[in-house]
Amino acid sequence: SAASDVYKRQIDVCLPAADGKKIAWLYEHSEIISRRDEEEKLFFEVRISAADESRLAKILASDLQLSFE
């Protein structure tokens, strides 16, 4: 709805092209304005709520830590 758009911000997001899980999350939780595919990375321009933006920040930050799972 138009009312909820007030709470959305437009941001740029870069994801690894191979990371289907994060790409799917982005499609599910934001409005994709544009997408540019390069060899290894996808560049998105999205509109996203503040709550989902902070979730996205946590998801992206988790990539910077070593995972032993």
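Three exercises on a predicted model follow, each with a worked solution.

Residues are numbered from 1 along each chain as its sequence is written. Because this is a predicted model, local features need pLDDT of at least 70 and side-chain atom pairs count only at pLDDT 80 or more, while totals for chains, interfaces and linings use all residues, and side-chain values use heavy atoms, without hydrogens and water.

**Exercise 1. The sheet**

Work out the order of the strands in the sheet, and find which strands stand at its edges.

Solution. Start with the elements: strands (E, at least two residues) and helices (H or I, at least four) are DSSP runs, numbered from the N terminus. Two strands pair if DSSP finds at least two bridges between them.

Next, take the pairs. β1 and β3 run antiparallel and are joined by 9 bridges; one bridge partnership is that of C14 with F43 in β3. β2 is joined to β3 (residues 41-49) by 6 bridges, again antiparallel. Here E31 stands opposite R47 in β3, and S34 opposite E45. Between β2 and β3, which form a hairpin, there are 3 residues.

The result is an open sheet of 3 strands in the order β1-β3-β2. β1 (8-16) and β2 (31-37) each have a single partner strand, so they stand at the edges, with one side of each left without a neighbour in the sheet. From one strand to the next the twist averages 15°.

**Exercise 2. Helix α2**

Determine which residues of α2 are buried and what covers them.

Solution. First place the helix: α2 (residues 20-29) lies across β1, β2 and β3, at about 30° to β3. Angles run from 0 to 180 degrees between N-to-C directions, with axes fitted to C-alpha atoms, for helices over the stretch in contact.

Then sort by accessibility (buried: under 20% relative accessible area; exposed: over 50%; partly exposed in between; 1.4 Å probe, protein chains only). K22, I23, W25 and L26 are the buried residues of α2. Seen down the helix axis, they fall within an arc of 160° and therefore line one face; the arc is that of the directions from the axis to the C-beta atoms. K21 and E28, on the other side, are exposed.

Finally, the cover of the buried residues includes β1, β2, β3 and α3, where contact means heavy atoms within 4.5 Å.

**Exercise 3. D52**

Decide whether D52 is buried or exposed, and name the residues that D52 touches.

Solution. D52 is found in helix α3. The relative accessible area of D52 is 10%, so this residue is buried. Leaving out residues up to four places away in sequence, D52 touches W25 and H29.
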